[in-house]
Structure formats: structure tokens, C-alpha cells
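Thanks for sending this one over. Below are my notes, point by point, with the model open beside them.

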Amino acid sequence: MSKYLSEKLKLKDKWLGVWKTNPELFFVEYEEASIPFVGILVEVTCKLHQNSSSCFKVTVSVAEPFSSNIANISRDLVDEILEELEHSVPLLEVYPVEGQEADIRDIAMALEVVRFFYDFLWREWDDEECCENYTALIEERINLWCDIQDGTIPGPIAKRFKKTLEKYKDKRVELVEYQSNIKEDPSAAEAVECWKKYYEIVMLCGLLKMWEDLRLRVHGPFFPRILRRRKGKRELGKTITHIVAKVMTTEMVKNLSSDTLLQQHDDLDLALDSCYSGDTVVIFPGEYQAENLSLLTDDITIKGVGKREEIIITSEPSHDSFVVSKADSVKLMHLSLIQQGTVDGIVVVEAGHMTLENCILKCEGTGVCVLTGAALTITDSEITGAQGAGVELYPGSIAILERNEIHHCNNLRTSDRSKSILGGINMKVLPAPRLKMTNNHIYNNKGYGISILQPSDRFFIVAEDALNKGAASGDKKDDQMLSKVMHNLNLEMNNNKIEANLKGDIRIITR
């Protein structure tokens, strides 16, 4: 990279550019959002200092007429700062001005390439670790960048990744500076401080590696979840019905038995935090948010009263997860879940069994994910808008789907063939999940209505009636193969309507 940049910079030794630098050089206090950078018009002289291309420095002087993106910054202050820096600034902080000759455009492009390399592809730990296939590692990082650019990773979450990467770089510099200031053998306190700084860097490094590994970010989490312990039942086995409404009236509870224990909340998060196993949360029309939906560890029922379209629960865009269940039995009934910016599936069943009944799930990221060993029942519900499959079944999971609509999923525009096949339902086989489908309508998905990934050396495409009755051609070999697939997959399908899916109805992909 150093050689590449050095060759480009030989094209022209002087040019105009904008020096974009950290406002901390000029301001004691400032709001990050209001002043993202200080920009000064400068004349650049390409006398490079230092060896690494990421640390190249060039000589700059203030160009005439004096110009800055900060209206009230003084020329004297800029001159003073440059004097302190000996007029030497990092090359990658300088952006050539448009309208200069062609050689300068080539330099500008070269600088963009180098910035991209150091911002997204290079990690400081790459020098320290052995990697057998560095090309594959770079591809993973390019995939991560593409997922950020095309919205697969929503904007708020992408910002968190970038801040984590910046924090890692800052902490690394902080450790190096701290170590360089220790002149003799370190004292016990200095040694402890070094180890503290080092382990913080190791933690951030591990977190960034999770982001880079596509397998680890298919359904999240990007940040470790805080584990929540199961409360279990209350003493004496009492259960409480939690009413969630701004104001509670007698009309709301007239149908409850006289011995029902009630607790009223105007905040869904508080209601969920107060729950023990066996409790019921009753939600009245309104729009709600609840971080505790991502920490469901107790057996509770959450149900809306009224039209499901009027009981709206939206996700918090800055969070990784929306609804995550680890309990033995959780029920969500008569609700609308609206996903906004979260990375995990709109609903993730990590363990136990979850029931979704008469719900609307409007996805923005991943759809419903049922992880290995978990079980899900969905009835009379609607799933739409997922960027991948509407329902994602992991190996060894169980799902029962009855009278549901799954439509307009896989809205992501992508050239990735593995993503383009996804549509209504995706099953990952090894070991096979168990799926029972009755009277569902799966339509207008950009991938297949149902895609099945299984380990083998063949792949073929069939329609639902072929799965139930054998191949349309009557070929006995195909008939036997389909029967074997049906048996191995524990796949039971009755009276489903699968139509108008862009790629086709059902695809079995064997590898």
C-alpha cells in the first residue's frame, strides 16, 4: 500500500486540498454532531515523512484566500495550530480540491483507495496474527461493508460498529503511548494498568471479529446480551395480570374474574420487568416500545385487547434485538410488531416454545428465526417485509404454521445468490428441522416460497403437489427421492397455497 501511494504521489508534488481534522485541535468543548470536523483550505507539498502509508505526513500551508467550513474560526488560530504541528499533517486527512488537473484526480482516487483499505479492510491485529487465507478474510470485511451500504445492517447498528472500530483504534494508541512513557521497569501499578488496557483491546478485537464473521451475524447478536435469570413463580404460586394502558377503567377489567390480581402500568417495559412465570400482560390500544421483549425468560402470555392493528409495538432502532424468547412457553397474541432497525430476527426463539397467535409482523431486517432445539407455533398471523426469509428454521428446530400469510419477503436487492433464493420459509437441514404447515398462503416473495438447504450432491425444484403426491412425471426414481426427502425432513404440508413467488414455489438445495 505504501508503494502504491508513493508512486501516485510522484505525479504532482504541489496541489490544493482541504485538510479535515479533529475539532479537538481547535475547540476545548464542542458537540460532535454540530462539528464533525474542521476543514481548512491548504496548499500541499508532497514531502512524505514516515514509512507506513497510514502514517504518511505531508507539509501544508494555508492557501489564499483563507477558507474554512467553520465561519468564525480565525486565521491566527489556524496558523498557531500549524506551527505547533510544524506544518506536518497526516496525508489521509487531506482531500484534493476538484477542478485541478488530471494527475490530481488520480491522487485523489488513490487516497480514497487507501482510506477505504485502512477504514474497512485493515485491522491492526492483522500484523500480529497468522492467517492461512487472508483473501477470504478480506472478502468477509468487504461483505460487511456491502451489508452496511445496502442496508442489510441498519444505519443505527452500522454506526455502533464504526464507533467500536474507532474505540479499538483509540485504545490501541492509548496503550502504546502509556507503555512508551514507562522509562524503567514498570511498577506493580503500571503493570496492572497495562494489562487492563490490553484486555480491553482484546475484548474489542473479539467483538469486531464477531461482526466480520458472516455466520455470527446472520441473526446477531453483534453485542453480547446481558444474560437474564429466570424468576420462576412467585411465592405461594400467585399470578398477576398486568394491565398496560395510560389510564385503567373498570370497563377494561369487567370480563376478569373477581379474584384476579391486577397491576396497572403505563409502560410496557415496566410490566414485563414485573412479570413472573404464569403472569399475563394485557395491552390496550396504543403504540409501545419495550427493551425487555428481548429478554423473555419466564413463561408469560402477552396479549392485546382490541384490533391487532391498533396495538402496535415497535423496536428500538439502536438495539440489536426486538423479541427474543428463552422461556419454556411464551405466548404473543393479537399484536402488531413493527421492526425498526434491529439486526436480529423480528422474533428469535432461542430456546423453549413460543406461540404467535393472530399477530402482524412487519419486518425490516430478518424475519422470524427458530434456533436449534427451539419450537414455534404461528397461527392466523401475517409476516411481511423481511429482507431474507419470512421464517428461518435452523437445524433441529420445530415449527407449526397454520392459517398464516407470508408475503413480500426477501426485499433486499442483492447479487448474492445464496440470499436471492430466500423468500417465505427457509429450512436449514442437518439435523433436519420439523415443520408442519396447514392452510397457509405464501405469495409474492422475491425468492422461493419455501427453500430447503440439505447436505447432498444433488438439487432439484418441485411444487407442493409434487411433494405430497410424487413427481408430476410419474418417474419412480423421483417419486422415491421425494418420499425420502419428505420422511427425512419431517415435513408435513396440507392445503397450503404457494403462488406468485418470483423464483418458484419450493426449492430443495442439496450440497
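1. Arg115 and Glu112 sit 3 residues apart in helix H3, so about one helical turn separates them. Their side chains meet in a salt bridge, with 2.7 Å from N to O. Please keep in mind here, and throughout, that this is a predicted model. The two partners are covered to unlike degrees: Arg115 counts as buried because its relative accessibility is 8%, whereas Glu112, at 41% relative accessible area, is partly exposed.

2. Does the rest of H3 look like a regular helix, and how would one check? The helix covers residues 102-121, and at 1.5 Å a residue its 20 residues should span 28 Å; the end C-alpha atoms are 28 Å apart, so the two values agree. Arg115 is one of the buried residues of H3, a list that also includes Ile104, Ile107, Ala110, Leu111 and Val114. Towards the end of that list come Phe117, Tyr118, Phe120 and Leu121.

3. H3 also takes part in a surface feature worth a look. Met1, Tyr4, Met109 and Val113 form a nonpolar patch there, with about 350 Å² of accessible area together. Tyr4 belongs to helix H1, residues 2-9. With a relative accessibility of 32%, Tyr4 counts as partly exposed.

4. Helix H6 can be checked by its length as well. It runs over residues 188-212, and 25 residues at 1.5 Å each should span 36 Å; the end C-alpha atoms are 36 Å apart, so expectation and model agree. The buried residues of H6 include Cys194, Ile201, Leu204, Leu207 and Trp211, but also the charged-type names Lys197 and Glu212.

5. Lys197 comes up again in a network of salt bridges, where it is linked with Lys171, Glu174, Glu193, Lys196 and Glu200. As background, side chains of opposite charge can pair when their charged atoms come close. The count for the model comes to 18 salt bridges.

6. Two further salt bridges make a nice pair to view. Glu251 and Lys254 have their closest N and O atoms 2.7 Å apart, and both residues are exposed. In the bridge of Glu309 with Arg308, the closest N and O atoms are 3.7 Å apart. Glu309 is partly exposed because its relative accessible area is 44%, while Arg308 counts as buried at 16% relative accessibility.

7. Which residues have the most contacts inside the largest nonpolar core? They are Ile283, Ile302, Leu332, Val347, Met354 and Ile425, in a core of 57 residues. Helix H7, residues 268-273, supplies the largest share of this core, with 3 residues. Another core lies apart from it, with 35 residues, among them Cys46, Val94, Trp122 and Ile138. In soluble globular proteins, nonpolar side chains tend to be buried together.

8. Ile302 makes a good starting point for exploring the largest core. Setting aside neighbours within four places in sequence, Ile302 is in contact with Leu272, Val281, Ile283, Leu293 and Leu296, and also with Lys331, Leu332, Met333 and Leu335.

9. Now for the loop between strand E3 (57-62) and helix H2 (75-84), where Ser68 is placed. Ser68 has a relative accessible area of 23% and is therefore partly exposed. Beyond residues up to four places away in sequence, Ser68 touches Val38, Gly39, Ile40 and Ile73. From Ser68 to Val78 the C-alpha distance is 9.9 Å, with their positions 10 residues apart in sequence. Pro65 lies in this loop between E3 and H2 too, and the peptide bond leading from Glu64 to Pro65 is cis, with omega near -5°.

10. In strand E3 itself, take a look at Thr59. Its relative accessibility is 27%, so Thr59 counts as partly exposed. Thr59 and Val42 are 17 residues apart along the chain, and their C-alpha atoms are separated by 9.7 Å.

11. Finally, two backbone angles deserve a glance. Leu236 has phi near 70°, a positive value in a residue other than glycine. Leu236 is in the loop between H6 and strand E6 (241-244), and is exposed, with a relative accessible area of 80%. Arg403 likewise has a positive phi, near 60°, and is not glycine. Arg403 is found in the loop between strand E22 (398-402) and strand E23 (405-407), and counts as partly exposed at 42% relative accessibility.

Technical notes
Residues are numbered from 1 along each chain as its sequence is written. Side-chain values use heavy atoms; hydrogens and water are left out. A nonpolar core is a set of buried Ala, Val, Leu, Ile, Met, Phe, Trp, Tyr and Cys residues joined through side-chain atoms within 4.5 Å. Buried means under 20% relative accessible area, exposed over 50%, partly exposed in between (1.4 Å probe, protein chains only). Helices (H or I, at least four residues) and strands (E, at least two) are DSSP runs, numbered from the N terminus. Contact means heavy atoms within 4.5 Å. The expected span of a helix is 1.5 Å times one less than its number of residues. Patches are made of residues with over 30% relative accessible area and no salt bridge: like charges are joined within 9 Å, nonpolar side chains (Val, Leu, Ile, Met, Phe, Trp, Tyr) within 5 Å. Accessible areas come from the Shrake-Rupley method with a 1.4 Å probe; for residues, only the protein chains shown count as cover. A salt bridge is a side-chain nitrogen of Lys or Arg within 4 Å of a carboxyl oxygen of Asp or Glu.
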